[in-house]
Amino acid sequence: MTIISWIILGLLAGAIAKFLLPGRAPGGLVGTTLIGVAGAFIGGWISSRWLDHPISKDFYDGTTWVAAIGGSLVLLIAYRILFGHSRD
């Protein structure tokens with residue numbers, strides 16, 4: 001996959017992660033999508049590095065999607081824990 005497809009995957013993974021983790025996000029829409037892109041990269045890297053699943057060249061590989069969404073969820077949870085009360 002190219003960098004552009006990882007960015008698109010990250011945007012979609014961020015939207016799915018936001019749907020799975022409802023509530024008020026401290027970063028809003030822009031912050032959530034940027035976290036989704038970063039989560040896709042981190043999830044893909046962890047999947048290829050430690051889970052012995054190479055990065056697929058196919059955009060529709062289910063394991064790649066699960067890794068991207070999982071990375072986005074982890075980053076969203078961490079972001080809410082660290083910066084969740086900054087708007088109060």
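1. On the surface of this predicted model, a nonpolar patch is formed by Ile3, Ile4, Ile7, Ile8, Leu11, Leu12 and Phe41. Together these residues have about 590 Å² of accessible area. Helix H1, which spans residues 3-20, supplies the largest share of the patch, namely 6 residues.

2. Ile7 serves as an example from this patch. The residue is placed in helix H1. Its relative accessibility is 33%, and Ile7 therefore counts as partly exposed, since that class lies between the limits of 20% for buried and 50% for exposed.

3. The interior should be considered next. The largest nonpolar core holds 7 residues in all: Trp6, Leu9, Ala13, Ala40, Trp65, Ala68 and Ile69. Two elements, H1 and helix H3 (62-83), each give two or more residues to this core.

4. Ile69, a member of that core, is in contact with Ala13, Ile16, Ala17 and Leu20 when its neighbours within four places in sequence are left aside. Of these partners, Ala13 also belongs to the core.

5. Ser72 deserves separate attention. This residue is found in helix H3. With a relative accessible area of 1%, Ser72 is buried, because the limit for that class is under 20%.

6. The surroundings of Ser72 can be described in two parts. A polar atom of the Ser72 side chain lies 3.0 Å from the backbone oxygen of Ala68. Not counting residues up to four places away in sequence, Ser72 touches Ala13, Gly14, Ala17, Ile35, Gly36, Gly39 and Ala40.

Key. Residues are numbered from 1 along each chain as its sequence is written. This is a predicted model: local features need pLDDT of at least 70, side-chain atom pairs count only at pLDDT 80 or more; totals for chains, interfaces and linings use all residues. Side-chain values use heavy atoms; hydrogens and water are left out. Patches are made of residues with over 30% relative accessible area and no salt bridge: like charges are joined within 9 Å, nonpolar side chains (Val, Leu, Ile, Met, Phe, Trp, Tyr) within 5 Å. Accessible areas come from the Shrake-Rupley method with a 1.4 Å probe; for residues, only the protein chains shown count as cover. A salt bridge is a side-chain nitrogen of Lys or Arg within 4 Å of a carboxyl oxygen of Asp or Glu. Helices (H or I, at least four residues) and strands (E, at least two) are DSSP runs, numbered from the N terminus. Buried means under 20% relative accessible area, exposed over 50%, partly exposed in between (1.4 Å probe, protein chains only). A nonpolar core is a set of buried Ala, Val, Leu, Ile, Met, Phe, Trp, Tyr and Cys residues joined through side-chain atoms within 4.5 Å. Contact means heavy atoms within 4.5 Å. A polar contact is a pair of N or O atoms within 3.5 Å; within protein, one must be able to donate a hydrogen and the other to accept it, and residues adjacent in sequence count only if both atoms are side-chain atoms.
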